[in-house]
Amino acid sequence: MSSLAIPNLRYADAKAAKEWLCGCFSFEPRLEVPGQDGSLAHCELVLGGGMIMIDQAQDGHLEQTVARPDAPVTASAYLILADPDACFARAMEGGASAIMAPQDMSYGGRGFSIRDPWGQVWHGGSYDPWAE
């Protein structure tokens with residue numbers, strides 16, 4: 001097996017975050033682990049050949065890592081998207097706040113940055129660093 005990095009994000013409401021991410025960015029659920037209280041304990045979401053994992057924050061269990069709209073951000077994810085303008089529009093309709101509206105980037109492609117309704121920062125664009 002080769003090495004691979006998979007970001008893991010913790011949300012105060014993982015079930016709502018999963019629905020939002022699938023609706024805005026077309027992630028597809030691969031695995032969902034229900035919580036004891038009807039919540040979503042863990043979920044693997046696939047986008048093309050990439051994956052993220054999201055977890056439900058639990059009381060007393062790393063709550064300091066939960067995204068909050070008022071908290072500083074120490075990490076963010078970049079999504080390679082076929083239509084960044086459409087994804088940005090869906091994110092804004094879904095309650096995101098714009099950090100940078102879609103624009104042509106000096107290094108190629110078109111990109112944007114948003115903060116989702118739970119405070120996570122997402123960057124999306126058509127620039128593909130793997131492309132030749």
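Does Glu19 count as buried, partly exposed or exposed, or, put otherwise, what is the relative accessibility of Glu19? In this predicted model, Glu19 counts as partly exposed, at 47% relative accessibility. Its salt-bridge partner is Lys18, with the closest N and O atoms 2.8 Å apart, and Lys18 is by contrast buried, because its relative accessible area of 8% falls under 20%.

Lys18 is placed in helix 1, which spans residues 14-25, and a further salt bridge, 3.4 Å from N to O, joins its side chain to that of Glu32. Since Glu32 belongs to strand 2 (residues 28-34), this pair ties together parts that are 14 residues apart in sequence. Glu32 is itself partly exposed, with a relative accessible area of 39%. Beyond its neighbours within four places in sequence, Lys18 is in contact with Pro29, Glu32, Leu40, Cys43, Leu45 and Ile54.

Among the five salt bridges that the structure holds is also that of Arg30 with Glu44, in which the closest N and O atoms are 2.5 Å apart. This pair links strand 2, where Arg30 lies, to strand 3, where Glu44 lies; Arg30 is exposed, at 58% relative accessible area, whereas Glu44 counts as buried at 10%. Shared partners join Lys18, Glu19 and Glu32 into one network of salt bridges.

The largest nonpolar core comprises 27 residues, of which Trp20, Leu21, Phe25, Phe27, Ile114 and Trp122 touch the most other members. Helix 1 gives the most to this core, contributing seven residues. For Phe27, contacts outside its neighbours within four places in sequence include Leu45, Val46, Leu47 and Trp122.

Conventions
Residues are numbered from 1 along each chain as its sequence is written. This is a predicted model: local features need pLDDT of at least 70, side-chain atom pairs count only at pLDDT 80 or more; totals for chains, interfaces and linings use all residues. Side-chain values use heavy atoms; hydrogens and water are left out. Helices (H or I, at least four residues) and strands (E, at least two) are DSSP runs, numbered from the N terminus. Buried means under 20% relative accessible area, exposed over 50%, partly exposed in between (1.4 Å probe, protein chains only). Contact means heavy atoms within 4.5 Å. A nonpolar core is a set of buried Ala, Val, Leu, Ile, Met, Phe, Trp, Tyr and Cys residues joined through side-chain atoms within 4.5 Å. A salt bridge is a side-chain nitrogen of Lys or Arg within 4 Å of a carboxyl oxygen of Asp or Glu.
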